[in-house]
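Subject: Structure handover, pockets

Hello,

Here is the structure I said I would pass on. My notes on its pockets follow below it.

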Amino acid sequence: MRLSDRARTLPESGIRKFFELAEARDDVISLGVGEPDFSAPWAARTAAIDSLERGKTSYTANRGMAALRERIAAHHERYDQSYEPESEVLVTTGASEAVDLAFRALVDPGDTVAVHEPTYISYGPGIELAGGEQLTVPTRAADDFALTRESLEAAGAADADLLVLCYPNNPTGATMTDEQLAEVAAFCRDNDLRVVADEIYAALTYGTDHASIATQPGMRERTVVVNGFSKAYAMTGLRLGYALGPAEAIDAMNRIHQYTMLSAPTTPQYAAIEALDRCDDEVTEMVEEYNRRRRLVVSRFNEMGLDTFEPGGAFYAFPECGGDDEAFAEELLDAQGVAVVPGSVFGEGGEGHLRVSYATSMRELKEATDRIAAFVESR
């Protein structure tokens, strides 16, 4: 079978390599998985079960159930965002589909898309599949991996057509304040940059509320916000996300969506309605538990000499390991049975770091950090 050049040259996921190594052993503690270790709230699961028992298995509207879109719009008022449910909200099959649709709706062949790194690994391939060209904008540990106007200017992002923004950030756990986002927003306005803001971890912040670039002056009309139910509501396997943005952008994304996906899965939409109606307390409990784990992990890494800045969101720590991060991760797995992800998987800016997920039990985190400390001492 002859394959397209695009498919043949698409790289394998760097994360998958370490998952496969870890899966080959029985004694591994995995700190590499980017998903909650909790189950979806019981009320949301009950709503999904009830919808199946009542035979609610037909397609929904292309844009998603109206009742869900209304609740999504109302939910985002907590982030000072205001969207019209009928024309400015699109329910998708996971946040990943929303990102892909945004690229395909906003990127023409040859367009330049600025992406800050280290960041989520799917943006680059998504841009390539849309015909665009990625421009890497490095972020620095010295800035706690926040994107700055200076870094945008130095990378030549003034000539880009689109900016991808991922805060709270995967893999670093970095967040940005309104003041920091104001500088990035001014750069976007000055250079007529549109923005895809992946805010899937918006509900998972510690000590401060999530800040969105879409709330900055002049940015709502040039920003597509992506979010979903995977991280905050522990619904990764149910594959439900959404996009919010100007009506013309959402309409274009929906035109692609209706041919490629038709509509998001029906059963998770019922679960999501219930999650938004009744499950805030469960989300709060999960965030409080993540915060306890965050403090433990950051403290332990700094104690063992792996410098780690304090992540403000998501459920990742990003310690410095010095030297070859891929070799460190492989040797750690071999010697101590702990799986982490090399930071270089997420771009050059991640070199010399490790992505460590603390979305696992406190007991396993204590054992894993003990093993890592023993490994560091033995090197």
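How much space lies in the second largest pocket? The answer is about 430 Å³, computed, like everything below, on a predicted model. This pocket is lined by 21 residues, and those closest to its centre are Arg78, Tyr79, Ala202, Ala203 and Asp209. By type, its lining splits into 8 nonpolar, 8 polar and 5 charged residues. Helix α11 (residues 280–303) is the element that gives the most to this lining, contributing 4 residues.

Where does the second largest pocket lie with respect to the domains? It lies between domain 1 (5–40 + 279–378) and domain 2 (58–278), because both give residues to its lining.

Now the largest pocket. Its space comes to about 1000 Å³. It has 42 lining residues, of which Ile15, Ser96, Tyr120, Ile121 and Ser122 are the closest to the centre. The lining consists of 19 nonpolar, 14 polar and 9 charged residues.

Which elements each supply at least two residues of that lining? They are three helices, α2 (14–23), α5 (94–106) and α6 (123–129), together with the strand β3 (112–117). As for domains, at least three residues of the lining of the largest pocket come from domain 1 (5–40 + 279–378), and at least three from domain 2 (58–278).

Regards

Key
Residues are numbered from 1 along each chain as its sequence is written. This is a predicted model: local features need pLDDT of at least 70, side-chain atom pairs count only at pLDDT 80 or more; totals for chains, interfaces and linings use all residues. Side-chain values use heavy atoms; hydrogens and water are left out. On a 1 Å grid over the protein atoms alone, a cavity is a set of points where a 1.4 Å probe fits but cannot get out, and a pocket is an open set with protein on both sides within 12 Å along at least five of seven lines; lining residues have an atom within 4 Å of a point. Grid points are joined across faces, edges and corners, and a volume is the space filled by probe spheres set on the points. Ala, Val, Leu, Ile, Met, Phe, Trp, Tyr, Cys and Pro count as nonpolar, Asp, Glu, Lys and Arg as charged, and the others, Gly among them, as polar. Domain bounds come from an automatic or database domain assignment.
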